[in-house]
Each structure stands twice: as structure tokens, then as C-alpha cells.
Amino acid sequence: MNSQTRYVKFDWMTILLYVALVFIGWINIYSASLSDNAVSFIDFDQIYFKQLLWIALSVVIIAFVLAIDSKFYERFSSIIYLVSLGSLLGLFVFGKEISGATSWYSLGGVGLQPSEFAKAATALALAKYISDIQTNMKTFKNQLGAFMIIAIPALLIIPQPDPGSALVYSAFVFTMYREGMHFVYLLLGFFAAALFIGTLALGVPYVVGIVLAVAAFIYWRNRKKKPNRFKYAIIILSCIAFSFSVNYIFNNVFEQRHRDRFNIVLGKEIDAKGIGYNTNQSEIAIGSGGWTGKGWTQGTQTKGNFVPEQHTDYIFSTVGEEWGFIGSLVVVILFLALIVRILVLAERQKSKFSRVYGYSVASILFLHFFVNIGMVIGLLPTIGIPLPFFSYGGSSLWGFTILLFIFVRLDGSNYYYT
Amino acid sequence: MRKFLLLFIVLITGMVFAGRLFYLQIYDDSFQALSENNAVKVEYDYPQRGYLFDRNGELLVSNQPSYDVMVIPRDVKPMDTLEFCDLLKITPEEFRNKLRKATVYSPRLPSPIVPQLTKTEYASLSEKMHKFEGFYIQKRSLRDYQVDHSANVLGYISEVNEAIIERNPYYQMGELIGTGGVEKQYEDLLRGTKGVKRYQKDRFNSVIGPYEEGKFDTLPVRGKDIILTIDGALQQYGEDLMVNKRGGIVALEPSTGEILALVAAPNYDPALLVGRQRSKNFTKLYYDTIAKPLFDRVLQGEYPPGSPFKALTALIGLQEGVIDLEEKVSCRGGYNYGGSKPLGCHHHKSPLSMIGGIANSCNSYFATVYRRTIDKYPTPQEGIDNWKKHLNSFGLGNYLGYDLPVGKRGLIPNSDYYNRYYQYPKYKWYTPATISNSIGQGEVLMTPMQMVNFTAAIANRGYYYKPHIIKNIVGVDTIPSQYREKFVTSISPEYFEPVIQGMHDVYNYGTAAYIQVPGIDICGKTGTAENYIKINGERMQLTDHSVFVAFAPKDNPKIALAVFVENGYWGSRWAGRIAGLMIEKYLKGEISRKDMEDFVLNGSLEEEYAKPYTGEPFIINQ
């Protein structure tokens with residue numbers, strides 16, 4: 001290192017929040033995975049002990065990430081991105097199938113999930129592209145370019161199949177919006193989502209009816225201005241076409257398990273024993289926590305393993321049961337604090353690259369937080385993505401650690417760049 | 001704007017999550033129970049219910065084992081339903097109905113399918129039980145009655161219903177609870193405490209170990225045995241005497257307030273309400289709306305007391321100083337108070353002083369005393385309220401506070417009652433309007449239990465203990481303190497002797513002279529109470545009730561009792577005879593007046609009771 005390091009100043013608040021989340025996460029993984037056949041605390045077969053190892057390794061990773069010169073990330077972002085895409089492509093050849101998804105490389109018994117690392121790579125590439133002096137996010141060409149950077153890894157992840165992880169890439173729309181993309185795209189996305197849910201919940205005929213009624217109303221309101229009928233027809237037709245295609249995709253492309261998940265949340269099917277089991281058990285576990293919970297390792301739902309995947313995607317239900325409303329609220333607030341802190345830091349960056357990257361980090365963390373906890377507390381359909389820093393899993397923990405600490409490193413040099 | 005969109009969405013999400021968490025964890029508390037049902041398996045160990053003994057240590061009620069076939073609907077697997085129904089001796093339709101009901105109640109909590117199997121039924125079933133998943137046999141203990149009397153006192157136990165479970169979470173579907181009499185009153189003592197064992201289950205519903213290392217497990221605690229104040233032999237005799245009659249006998253030990261006998265007729269065999277025939281028998285008893293065997297006439301029947309009330313009129317008159325022992329009141333077949341017709345009296349010699357007045361039950365005498373008692377005060381309102389105060393001190397006009405779960409207040413009217421009735425002050429009313437009270441007709445109402453209570457207070461010369469059925473709780477060796485508290489009446493002790501002499505003379509030469517019991521100094525008072533019934537909206541008078549109160553011996557009384565025979569005509573005809581027999585039975589253990597005993601045991605009033613329901617005109621008081 002050279003004289004530059006003297007100006008490096010890491011944001012301790014971010015680091016402390018990270019440490020708190022990882023620590024609380026491990027406490028809960030310990031409780032969720034505690035079993036009677038553990039011989040001693042040090043037992044490589046126990047999930048909590050493995051997680052402890054992953055955490056220890058994270059410290060090493062953090063040291064590396066912080067040691068590297070911040071300019072490295074900007075210069076090598078394209079290469080990192082390409083390597084990451086390569087690792088995703090490689091799965092089609094070398095991937096190992098675990099519970100139905102070919103998302104893993106097996107390295108000496110340890111599974112590595114490249115999609116967890118691809119998020120950071122994509123964020124770097126996007127930051128590089130947007131911060132390029134020649135890029136103007138207001139132009140369609142550059143918007144398309146940014147969109148391609150995001151879409152390629154997502155498209156590679158979908159067929160694994162891991163649609164949940166692919167969904168995470170939609171978080172980048174926040175970054176793009178921040179950097180100049182027109183609000184209409186967000187509206188369009190929102191509108192598409194509304195049409196999507198509407199079609200599933202009500203059926204195509206209703207949606208067509210509603211679209212026609214709304215169009216007729218708007219046209220009538222604007223009749224004095226002589227609106228362009230052709231434009232109206234195009235919009236109406238594309239809405240109807242979208243609704244039909246959603247219906248078609250839902251019934252012919254989606255697998256039954258995906259359909260079931262949506263139907264449960266939309267209230268079309270209530271089957272607490274079968275497909276709605278996860279959500280139902282998770283709600284029972286959280287709901288039985290009360291104000292202060294049942295106490296660490298005292299959760300009856302947790303002990304009885306009623307909630308599936310409780311140490312991974314459903315880890316938050318352990319928090320709810322054993323630490324109650326107070327504990328859950330603390331965790332929610334810690335996440336909010338971390339995300340907000342990153343946003344505040346991102347806005348403070350002098351380099352556009354750092355700002356775009358920081359924004360992407362916040363967006364990705366937020367999307368994970370939103371989808372995961374939303375699912376666990378029964379507000380969103382079952383979409384299997386981990387809760388950052390909390391859920392069990394080395395790849396997930398390392399992926400988020402790298403994602404976050406690259407930003408900590410970039411932010412640390414904020415005062416060096418002029 | 002662009003800077004804040006994500007920030008805004010993040011904060012909104014945080015609030016929505018906090019709200020949802022609040023809803024799940026705090027607001028909606030159904031999850032706690034769901035979690036318990038889900039993860040904790042609870043097993044109960046039922047203790048023996050406490051035994052009941054009579055005052056002489058004779059066993060009245062013990063237990064017998066019984067076996068309930070229980071079901072946990074969600075654990076039921078496809079099985080040979082026909083074979084199962086065969087074993088249980090029920091039809092497949094019945095079985096399906098019960099299973100559906102159990103499922104509706106709760107798929108994961110046990111419900112009884114066939115309750116209360118006998119030992120032999122259990123034996124044949126138990127070895128095949130493993131073939132029917134989701135069903136199991138729960139051992140409980142049922143009552144085993146050693147006697148066939150006292151059903152109204154003992155009460156019975158029955159399965160709890162959902163309303164009880166909701167009120168008292170101690171109970172679970174299929175458990176038993178005392179539902180009447182002593183069983184209900186002392187349920188908490190008798191039932192003991194069930195033992196609880198909790199197990200942690202996993203998601204496959206299999207037990208993975210004790211819940212919280214058995215921290216919350218408890219051992220069953222046996223119910224307490226209770227000794228009742230009832231004298232089994234006397235109770236049995238009383239019920240025999242009341243066969244084919246309606247009414248009741250209640251006997252107290254005046255010096256303690258202990259209930260020696262509490263006979264309500266008609267009665268039933270307590271064993272009818274045990275086992276699988278229970279509901280059939282109960283329905284039969286319940287729907288007998290004419291004889292009302294489940295209606296405890298001694299505790300719940302409110303009757304005009306009739307002439308025994310005159311003893312109270314006399315005592316209040318003496319206490320208020322409106323009459324002395326010497327003054328004689330003349331009677332010419334009635335007392336003219338200015339109404340359309342005089343308050344009639346029967347034929348007796350005249351004039352009479354107090355003792356003779358009581359012995360001969362002279363209406364005119366007591367109407368005079370009553371009127372003076374009320375008119376001593378400036379207004380009849382004050383007079384009535386003062387009169388009521390004296391009566392209240394005898395435990396009349398309100399719940400007595402005995403330890404049986406049913407009762408009535410009776411009625412001692414006050415000035416408000418008459419003010420409302422006569423629309424005072426628009427219309428005024430005076431003492432003569434209430435003159436019937438003087439002889440225990442009018443507005444005054446009492447349960448037989450209240451009648452015996454004032455009789456006991458007279459026997460004690462001015463105090464009483466609350467009547468009670470509990471003599472001792474074995475192992476605790478005490479009874480509730482309120483039954484050891486002495487209640488003193490508002491009448492000075494010296495006024496009781498003349499009234500008691502009058503009641504003694506009822507036997508010497510008065511209205512009960514022909515039913516004397518040799519060798520026992522009984523004090524009593526006959527009563528003949530007019531009464532009416534409404535059938536199909538038509539009010540008709542029935543044959544008078546036969547009423548009698550008595551205590552014996554005169555000095556240091558051992559027993560006080562009230563006998564009430566519905567439509568038995570004059571007081572000494574049925575009630576007086578029964579009182580004499582009960583007293584002799586209790587004090588001597590054997591009966592010397594066999595003629596009286598034969599008359600009562602063989603006599604029946606069924607014909608009298610059938611009269612109003614024939615639909616034809618009938619003659620009363622014959």
C-alpha cells in the first residue's frame with residue numbers, strides 16, 4: 001500500500017450494524033438447528049457450528065476486500081462481471097443439483113452458489129457503466145445497455161431454476177431510477193405488477209373489463225382535448241395481451257408449486273396442511289411469540305421443527321417466536337438502519353461510481369429484506385431468497401459480505417478522491 | 001425526489017412490517033393456542049373423586065372405573081368402521097355423526113365417541129383398540145351410589161359442555177363436572193386436581209421428549225372426602241314417607257344448623273344418572289313437567305307458609321309490646337277488618353289469650369296482633385318495614401346462604417312493594433290491605449328450608465346457624481367459617497317461652513292433639529295453605545297444602561323440621577303425621593305409632609294431583 005491508505009476512513013456504523021446482524025443471526029441459527037444429538041459444541045455436523053466457520057471465514061474475506069485498493073474495483077469491474085457470468089454459465093456443465101436446483105458448485109463437500117456472488121459483480125458492472133462519462137441514463141440506448149447488464153445474469157439464473165434469486169435483479173431499477181431513468185418505467189413496472197396480480201386474482205375477463213372501463217373513463221375526461229384514439233387502442237390492446245399472456249404463462253409455464261404459492265397469498269386457496277403449510281407454521285411460530293417471546297432456545301415451534309427451512313429462508317420466524325415483538329422489531333430496525341445508512345453514505349459519495357454502487361447495495365439488501373420477511377410474516381408469496389447476514393449458508397453470507405464491504409472500502413476512500 | 005424514493009419505500013416497508021408483526025404477535029392472540037396445540041402434547045391423569053359419607057360415617061357415594069372411547073379426528077386413518085361399530089354397539093350412522101361432531105369441535109383435541117363403557121365392554125375392546133388409529137380409551141372414574149336416596153342432595157356429575165369449558169379452562173371435552181347438589185357445590189374439593197404431563201412434539205406429531213424437561217408436569221391430587229350432615233337412615237325414612245306425595249321434608253339440628261334430612265318428593269334413584277343410560281334417564285326426568293322430579297321443592301319451592309307463620313306474628317307482637325300474655329281476643333268465626341268479607345276462622349272456644357291462640361290457631365287473634373304491630377307506627381309503610389326487619393332477622397325474605405347450589409329468596413313484602421302495588425301516593429293503603437300476612441297467607445312466601453330455619457331459631461330461643469350440608473372435609477377437618485357463625489334474631493329471648501308453650505299445646509289439646517307421639521315433648525304448628533294453579537290460562541284453586549313445622553324435645557331441642565305436602569289439605573292430616581314420625585325415628589330410632597306410619601306409607605295423593613289435568617270440574621278439600 002502507498003500513501004493513499006492514510007486517508008482511508010471506514011464507516012464504523014455500517015460495520016457495527018453488520019456485526020450485530022451477523023451475531024443475532026447466528027444466535028438464532030443456533031436455536032433453530034439445535035438438536036439433541038450434538039456431542040459437543042464443536043461438531044462439524046452441526047449447522048450452527050458450520051455457520052460459525054463461515055462467519056470466521058467472512059472476517060478473512062473482509063480483510064481482503066478492505067485491503068484491496070478501491071480503484072481496483074472500478075477498473076476491474078468488467079472483468080469481475082465477466083468472470084461471474086462465466087461461473088453462472090459453468091453451472092450448466094459442472095453444476096451440482098441440490099434439492100431440484102442446479103445452483104451449486106461442489107468444492108470438496110462445500111457447496112458454492114455463484115448467483116450469490118453475481119449480485120456484487122453486477123452491481124460493480126452497472127456502476128461502471130452508469131458512471132461512464134459517455135453514458136446518459138436519459139437516453140434509450142443507455143437504458144437498454146444498463147438493462148442488458150442486469151438481465152443477462154438474471155436470465156442465466158432463472159433456468160437453474162432459481163426464479164427467486166433472479167427476482168433480486170429487479171432491485172436495480174431503483175439504481176437506474178436514481179441515475180436518471182424516467183419515472184414512467186417504474187410506473188410501468190408497477191402497472192404490470194398490478195395487471196399480473198389482477199389477472200391471477202380475478203381472471204382475464206374481469207381485468208379486460210376493468211381496463212376498458214378505466215380507458216373509457218379517462219377518454220371521457222379528456223374528450224375536449226381530442227385524444228389520439230390510435231394511442232388508446234394500442235394501450236388497451238397491449239394491456240389485454242399482457243393479461244392473456246400472464247394467464248398463459250401462469251397456467252402453462254409456471255410449475256404447480258409456483259401457482260400454489262401465488263394462490264395461497266392471493267387467498268384463492270386455503271390449505272393449512274398442504275401447500276400453505278410453510279406460511280401457516282411460520283405465522284403460528286411468530287404469532288405465539290407475544291411481546292417478549294418464549295426465550296432463546298425455548299421456542300416450541302422451533303424445537304419441533306414445524307417451520308420448514310427455519311435456519312435458512314425462515315430464520316426470521318425463530319426471532320419472532322423466541323424474542324417476540326420486541327426482538328422482531330429490533331431486527332427490522334437494524335435492517336432499516338443499515339439500508340438507510342448505506343443510502344445516506346451513497347448520496348455523500350463524490351465519485352459517481354461509488355454512489356451508483358452504494359445505491360445498488362442498498363437496493364439489493366432492501367429487496368432481500370422486503371421479500372424474505374414479507375414471505376415469513378405472510379404478506380408475500382413463498383419466494384425462496386435468504387435474509388441477508390441472517391440465513392444459514394456460506395455463499396449467501398460471503399456474497400452479502402463482499403457486496404457490503406466493497407462499498408465500505410469505496411466509501412472509505414471517499415475522502416481521498418477529489 | 002429521485003434521492004428519496006427508495007428511502008421512502010424502505011421506511012414504509014418498515015412500518016408495514018412492524019404493523020404486521022404487531023398484529024401477529026400482540027393483537028391476534030389465537031396463535032399462542034395454535035402453537036400449544038401444534039407443538040405440545042398434553043396427557044392427563046385423572047384422580048379419584050372424593051367420597052361422600054353421611055353424618056354417621058356411612059358411605060353414600062364412592063367411585064367405579066369407567067372407560068371412554070375418545071377420538072382425535074385428525075389422527076383417524078381409514079379402518080374397518082363396521083367392526084368398530086360392532087365392538088362399540090353403535091350404528092354406523094351414529095358413529096359418523098359423532099365423528100363429524102368431534103371434527104367440528106376440534107380436529108386436534110380429543111372428544112368422546114362413546115362415553116362410559118362398563119368393565120366388560122372395555123375388556124373386549126381394549127385388545128383390538130390398536131387397530132383403530134386416532135381412537136384411544138381414557139379411563140375415568142364414575143360415581144358408584146351405595147344408597148338409592150338423597151339424589152337431590154348429592155346431585156350428579158356429567159360431561160362438561162362447551163359453555164363450561166369456555167368459562168373455566170380447567171376442563172377439557174369429555175371430562176366430568178358436578179352438576180347439582182353437593183357434587184356441584186363442592187366440585188373443587190371433590191374433583192381434586194388432574195395431573196398433567198406435557199410432551200414436545202415434532203412436525204410429524206411424534207413425541208420427541210418431555211416438554212421443558214417436565215418443568216410444568218404435575219401429579220394428580222386425589223379429591224377430598226366429605227362427610228355430610230345428612231342422617232342416611234332418617235333421609236331414607238323421609239323419602240319412604242313421601243312416596244306418592246309431592247312436597248318435602250327438611251330437618252335441622254337447631255344447635256348447629258346441620259341439615260339432618262332434605263327430602264324432596266318426588267325423587268329419583270341417583271344411580272339413574274350414571275353410565276350410558278344417563279342421558280336417556282335424564283331426558284325422562286327433565287321432561288316430566290308435572291311432577292318435576294328435578295325440582296327441589298324444599299329449596300326452590302316458594303309457598304305461602306300458612307299458620308306456622310303465626311308463631312312469628314306472636315313473637316313480633318310481644319317484642320313490639322302491642323300485646324301481653326294475658327289479654328284475650330274474642331273470635332266469632334272471623335276477623336272483620338272492613339273488607340268485603342271477614343278473615344274467616346274455624347270453630348274453637350273464644351276468647352283466647354296468646355298460648356291458646358297458638359294452640360287453636362285462631363286467625364282473629366293474630367290478625368289483631370298483626371294490625372297493632374303495624375299501626376304502632378305513624379304510617380303503615382313504617383309499620384311494614386319494621387315488621388319486615390324482624391322477619392329478616394330470622395333469615396326470611398332472602399337467600400339463606402346454605403351450601404347447596406339452588407334456592408329461592410321467598411318474599412317478605414316491604415312498603416315499596418305495597419306502594420307499587422297500590423300506586424302510592426295516588427292511592428293510599430292501610431294495614432287491613434295486608435292483613436292476610438298475619439296468618440302466613442297474603443304476600444308472604446317461603447321455601448320449606450326457610451320455614452325450618454325460623455323454626456330452629458324459635459327452638460333455640462332466638463338464634464340460628466345457617467343451614468348447611470357439610471359436616472367435615474376429611475383431612476382438612478374444618479368447614480367454611482360462615483357455618484359456625486351465630487345469627488341472633490331481633491326478638492328478646494324471654495318472649496320465646498310463651499310461644500313455645502303455645503306450640504307445645506298444639507300437641508296437648510290443639511290442632512295436633514290426635515297425632516301425639518308418646519314420650520316425646522314435641523312443639524309444633526299446623527298450617528293449611530290455600531293455593532292456586534294456572535292451567536291453560538285458567539286460574540283455579542286446588543286443595544290446600546298441608547304444612548307443619550315442629551321441633552323436639554321442647555327443652556334442649558335435637559331436631560327441628562318443616563314438612564310440606566302439596567294439596568294434602570289440613571296441616572295435621574299429612575304433614576303433622578310425617579313430622580311426628582320423623583321426630584320419633586330420629587330421637588328413638590323406632591316407631592311406636594304404627595297406625596300413623598301405615599296411614600302415611602300407604603296413603604297416596606296421586607289422585608288429588610291428577611284432578612286438575614282431567615279437564616273436568618273437580619271438588620277440592622275433600
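Which residues point one way from S11(B), and which the other way? Gly247(B), Ile249(B), Ala251(B) and Glu253(B) point one way, Gly248(B), Val250(B) and Leu252(B) point the other way, and all are buried. Buried here is a count: 20 or more other C-beta atoms lie within 10 Å of the residue's own, against 12 or fewer for exposed and partly exposed in between, with C-beta atoms placed from the backbone.

Some ground rules before going on. This is a predicted model, where local features need pLDDT of at least 70, side-chain atom pairs count only at pLDDT 80 or more, and totals for chains, interfaces and linings use all residues. Residues are numbered from 1 along each chain as its sequence is written, while chains are lettered from A and ligands numbered from 1 in the order in which they are written.

On confidence, the model scores ipTM 0.87 and pTM 0.61. Chain B averages a pLDDT of 86, and 97% of the residues score at least 70; pLDDT is the predictor's confidence in each residue, from 0 to 100.

Here are the two chains side by side. Helices (H or I, at least four residues) and strands (E, at least two) are DSSP runs, numbered from the N terminus.

| Chain | Helices and strands | Buried share |
|---|---|---|
| Chain A | 17 helices, three strands | 45% of 418 residues |
| Chain B | 22 helices, 20 strands | 43% of 622 residues |

Contacts in both chains often span a long stretch of sequence, taking a contact as two residues whose C-beta atoms, placed from the backbone, lie within 7 Å. In chain A, 70% of the contacts with a separation of 6 or more are between residues 24 or more positions apart. In chain B, 72% of the contacts between residues at least 6 apart in sequence join residues at least 24 apart.

Back to S11(B), where seven of its seven residues are buried. S11(B) pairs with S12(B) in the antiparallel sense over seven bridges; two strands pair if DSSP finds at least two bridges between them. In that pairing, Glu253(B) stands opposite Glu258(B). The two strands make a hairpin with four residues between them, and Gly257(B) in the turn has a positive phi of about 85°. S11(B) also pairs with strand S20 (residues 559-565) of chain B, again antiparallel, over six bridges, and there the bridge partner of Ile249(B) is Val563(B).

Helix H10 (residues 232-241) of chain B is mostly covered too, with seven of its ten residues buried. Among them are Gly232(B), Leu234(B), Tyr237(B) and Leu241(B). The buried residues of H10(B) pack against strands S3 (59-71), S11 (247-253) and S12 (258-265) and helices H20 (572-588) and H21 (594-602) of chain B.

Chain A has its own sheet: three strands form an open, antiparallel arrangement in the order S1-S2-S3. Its edge strands are S1 (96-98) and S3 (110-112) of chain A, each pairing on one side only. S1(A) and strand S2 (residues 101-107) of chain A pair over two bridges, and Ile98(A) stands opposite Ala101(A).

Finally, the chains meet. The contact takes 28 residues from chain B and 36 residues from chain A. On chain B's side, H1(B) gives the most, with 14 residues. By class, that side has 14 nonpolar, seven polar and seven charged residues, where Ala, Val, Leu, Ile, Met, Phe, Trp, Tyr, Cys and Pro count as nonpolar, Asp, Glu, Lys and Arg as charged, and the others, Gly among them, as polar.
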